[in-house]
Amino acid sequence: MRSQIESGAELLARLSSKPSLFGLENTLFPEGPQNSDVIEIGGEQSTGKTLLLSQMLAKCILPDYYGTIQIEGCNASAIFINTDHHFQISKLVELMSDVIDVTGIVSFASNDKATEINSNKTAIIQNSLRNLRILDCYDNEQFSLTLRMLDDMFLDNAKIALLAIDSITAYYWQDREDNISTIDNYIRKLLKLIRTHTTRFNVVTIYTKLYENMHDKGKKSTNQFLNNIDYKIQLCRMHDSQHLACKLETIQTIRKIYYSISLNGIKWEIEEGKG
């Protein structure tokens, strides 16, 4: 590994220039996420875990402005560790295109500028994809080695503000031979390793976790576990309908937000207790 010796002034300059992730997902994080926060996205299959993660990646790597066009992205770089292999780059591009449309490129254009708008959109997406580094892992050894190399990647690119993992529990059964009895203990061990890197570089971590049964999904979080996680997001399908609900838990608050899944991604609908 490369030398990581730097002066205090160099460290301050590097951390102070880190892009902010304010606006990453306003419904979930009105004031953040910030610094080296850890965000867990959990849920059963087909509840939108990878889609929500992709939606945040899209917002992260898009620019705040492209020329005079406001995009409202975070203008940051991200590392995506792909272990479940459900992620689709084509879906990420669709989500990026939708963000650009929603923030006004199409609405501000006249019909005779359609070609220019499409050209701008393609350029924005192509340039933004350079901010994303995808690392495919196919077993627990590759995953462990990748996590231990994070410092080198963070040093290579000071704009990296987000580490995304889909999913953190992909190799739990392979690693269980190491006397790790529960998934929560397994995640704690990985987060301890991850945070030795992300805390030093002010990088936010977002990971997905599969809830395999109703008992796991309904289990209450302990304060001890939430001390390791700043935002715990649980996605689930309601018992009596096709409606979907998101439970967002922090040390201070618990919120419940209903949502739907469309071709354009996750759409937040109504928050429980709000009209």
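Two residues form the hairpin link between β10 and β11. These strands run antiparallel and are joined by five bridges. The model is predicted, and the protein in it has 10 helices and 11 strands. The points below cover the strands near the end of the numbering, the whole chain, the largest pocket and two buried residues.

**Strands β9, β10 and β11**

- In the pairing of β10 with β11, I261 stands opposite I266, which belongs to β11.
- β10, residues 254–262, also pairs with β9, residues 244–249.
- The strands β9 and β10 are antiparallel, and six bridges join them.
- Within this second pairing, L248 faces R255 of β10 as its opposite residue.
- The connection from β9 to β10 is a hairpin of four residues.
- In a regular strand, side chains alternate between the two faces of the sheet.

**The protein as a whole**

- The protein has 275 residues, and 49% of them are buried.
- Among contacts between residues at least 6 apart in sequence, 69% join residues that are at least 24 apart.
- The accessible surface is about 14100 Å².
- Carbon and sulfur atoms account for 50% of that surface.

**The largest pocket**

- The volume of the largest pocket is about 490 Å³.
- Its lining is made up of 23 residues, and those closest to the pocket centre are G23, L24, E25, K59 and V99.
- Three elements each give the lining at least two residues: α2 (49–61), α3 (89–102) and β11 (265–271).
- Helix α3 provides the largest share, with four residues.
- By type, the lining of the largest pocket holds 10 nonpolar, eight polar and five charged residues.
- β11 thus appears in two topics here: it is paired with β10, and it supplies at least two residues of the pocket lining.

**Residue S167**

- S167 lies in a loop, with β6 (160–166) on one side and α7 (172–175) on the other.
- The relative accessible area of S167 is 3%, so this residue counts as buried, the cut-off being under 20%.
- Apart from residues up to four places away in sequence, S167 touches T83, D84, T208 and K209.
- S167 and G42 are 125 residues apart along the chain, and their C-alpha atoms are separated by 9.6 Å.

**Residue T50**

- T50 is part of helix α2, one of the elements that supply at least two residues of the lining of the largest pocket.
- T50 is buried because its relative accessibility is 16%, and the cut-off for buried is under 20%.
- With neighbours within four places in sequence left aside, T50 is in contact with H86, F87 and D166.

Note on methods. Residues are numbered from 1 along each chain as its sequence is written. This is a predicted model: local features need pLDDT of at least 70, side-chain atom pairs count only at pLDDT 80 or more; totals for chains, interfaces and linings use all residues. Side-chain values use heavy atoms; hydrogens and water are left out. Buried means under 20% relative accessible area, exposed over 50%, partly exposed in between (1.4 Å probe, protein chains only). Contact means heavy atoms within 4.5 Å. Accessible areas come from the Shrake-Rupley method with a 1.4 Å probe; for residues, only the protein chains shown count as cover. On a 1 Å grid over the protein atoms alone, a cavity is a set of points where a 1.4 Å probe fits but cannot get out, and a pocket is an open set with protein on both sides within 12 Å along at least five of seven lines; lining residues have an atom within 4 Å of a point. Grid points are joined across faces, edges and corners, and a volume is the space filled by probe spheres set on the points. Ala, Val, Leu, Ile, Met, Phe, Trp, Tyr, Cys and Pro count as nonpolar, Asp, Glu, Lys and Arg as charged, and the others, Gly among them, as polar. Two strands pair if DSSP finds at least two bridges between them.
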